[in-house]
Each structure stands twice: as structure tokens, then as C-alpha cells.
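Please open the model in your viewer and keep the sequence panel beside it, since each stop on this tour begins with something to select.

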Amino acid sequence: MDLSKFQVPLSNGSTTLPSPTPSLVLKAITLGRGTQNYTCAAGSTAAPVAVGANADLLDVSSLVPLMASPQTAQLFLKLLTPYLVSFDFGIIQTVRIPILGKHIFDSTGVPVFDLGAKGVFKGKKTAGIAAPKAACRGPNGRGDGAVDWLALAEAPGSVGLKECYRVETAGGKAPASCGGGAARNIEVQYATQYWFFG
């Protein structure tokens, strides 16, 4: 499986994420589908507080090299995230695209990506840019917006993977305010591409 011809999207049209470290090799391209998770304290009118994420990682690493060109493959992936965020999560788990692993946050708030035999990535944010203005806001195009694109560097505990990029996001952004009321947790549906380098 040769992924050397594929370039991770870095620009939202006006701002650009830093490039991957030149000595690293692209190890996996995945589609993440799940929820961005937030919490609201009782009576709060502030913005919800981000507390993590929970997502399946669908492996498209072996699919994209079969397409006519890297450009065609990357356009296909770009179109997939708005589709995935609108698709029933339970059905997605039964599709033939293999689920490579899982994305969660550990008890200390560190994002963890378990890619099975391809490695484990524990990340720390090194850069972030807003999603493009035209990015899908959420399921069926409705929601509070797409979460930021991110560049992550390895944190202690990573195995075999050094950098990760979250790009081409769809949905995931919390509402602007908790709106008062009872304490509650908020799960916001999202989809994205995760690119892993090692």
C-alpha cells in the first residue's frame, strides 16, 4: 500500500496548518465518525466546555490508491465527510470499510487514537485553524458548525505514530451558549479525516 503520493489538506482557503515533518511517512488515512463531547454546569450561560470525543476510525488507506489519481481520491474523501456525518452511526459500523480503531480521550484529557497493528497515537495540539466557511455544519447540513482543523504531535505513550492531522471536518461544534438550566452533557455528531504519520 503506497500512500506516498497523497498530500494531507492543510489550507482552509485563507490559513494553513504547518506541514508534516519531512522525514515522516504517511502511515494511515482514516475517516473518523462519532461525537465531540461537551458539558454544561447548572445555570451556566457560558459556552459548553469540551471534554473529549468518541469516534470509530474507518480505514481508507487501502481504498484510495485504487482510484484513478490522488486528486480524485482526495476529492472523494472530501465529499465523504458531509455524507458520513448525516448517516446513521449504527449503520456505519456495519459497512464494509474496515474499522481500524477507536478515538477517545483518556482520564487525563489526552486524545488517544488506537490503530491496532498500525500503532497508538496520543496527541497534543500544535496548531489549529478554523474549518472552511463552506464546511458542513452537521447532520443534513444543520448544526452549529464544523470543528477546527488540527495538527497534533505525539505525547508520551505513543507507539509507532508521530503526528496526526484532523482535516475536512463536518459538524462537531457545540452551541455558543449552555443556555442556563440543569447541568448536562452534550454530544455533537461529527465526521472528519485523520491522517497519521510515523
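## A tour by selection

Begin by selecting K162, which is partly exposed, with a relative accessible area of 38%. This is a predicted model, and what you see on screen should be read in that light. Now add E154 to the selection: E154 is partly exposed as well, at 31% relative accessible area, and it forms a salt bridge with K162 in which the closest N and O atoms are 3.3 Å apart. Side chains of opposite charge can pair when their charged atoms come close. How many salt bridges does the structure hold? There are 3 of them, and the other stops on this tour will bring you to more.

Next, step back and colour the strands. In the order β1-β2-β3-β4-β5-β6-β7-β8, 8 strands close into a barrel, and their pairing is antiparallel. From one strand to the next, the twist averages 30 degrees. Strands of a sheet pair through backbone hydrogen bonds, either parallel or antiparallel.

Select β2 (residues 49-59) together with β3 (residues 99-105), and you will have an antiparallel pair joined over 4 bridges. Within this pair, D56 has K102 in β3 as its bridge partner. The two residues also form a salt bridge, with the closest N and O atoms 3.1 Å apart. This contact links distant parts of the chain, because K102 belongs to strand β3 and D56 to strand β2, 46 residues apart. Are the two residues buried or exposed, or something in between? D56 counts as buried at 7% relative accessibility, whereas K102 counts as partly exposed at 32%.

Stay with β2 and select D59, then K118. These form a further salt bridge, the closest N and O atoms being 3.6 Å apart, and the pair again links distant parts of the chain, with D59 in strand β2 and K118 in the loop between β4 and β5 (120-129), 59 residues apart. D59 is buried at 12% relative accessibility, while K118, at 27%, is partly exposed.

Now follow the chain from β3 into β4 (residues 111-114), where the two strands pair in the antiparallel sense over 4 bridges. Selecting H103 shows you F113 of β4 standing opposite. The hairpin of β3 and β4 has 5 residues between the strands, and there G109 takes a positive phi near 85 degrees.

For the next stop, select β7 and β8, which pair in the antiparallel sense over 7 bridges; here E163 stands opposite F197 in β8.

Then select the cysteines C40 and C178, which form a disulfide with their sulfur atoms 2.1 Å apart. A search of the whole structure finds 1 disulfide. The link of C40 and C178 is left-handed, with -85 degrees about the S-S bond. Because C40 lies in strand β1 (residues 26-40) and C178 in the loop between β7 (163-171) and β8 (184-197), the pair ties together parts that are 138 residues apart in sequence. Both C40 and C178 are buried. Two further cysteines are worth selecting: C136 is buried at 13% relative accessible area, and C164 is buried at 0% relative accessibility.

Finish on the surface by selecting L63, L66 and F76, which form a nonpolar patch with about 280 Å² of accessible area together. L66 lies in the loop between β2 and α1 (70-86), and at 71% relative accessibility L66 counts as exposed.

Technical notes
Residues numbered from 1 in each chain as written. Predicted model: local features only at pLDDT ≥ 70, side-chain atom pairs only at ≥ 80, totals over all residues. Heavy atoms only, no water. Pairing = 2+ DSSP bridges. Disulfide = S-S within 2.5 Å. Buried < 20%, exposed > 50% of the residue type's maximum accessible area, 1.4 Å probe, protein only. Patch = residues over 30% accessible without salt bridge, like charges linked within 9 Å, V, L, I, M, F, W, Y side chains within 5 Å. Areas by Shrake-Rupley, 256 points an atom, 1.4 Å probe, with all protein chains shown as cover. Salt bridge = Lys/Arg side-chain N within 4 Å of Asp/Glu carboxyl O. Axes fitted to C-alpha atoms, helices over the stretch in contact; angles between N-to-C directions.
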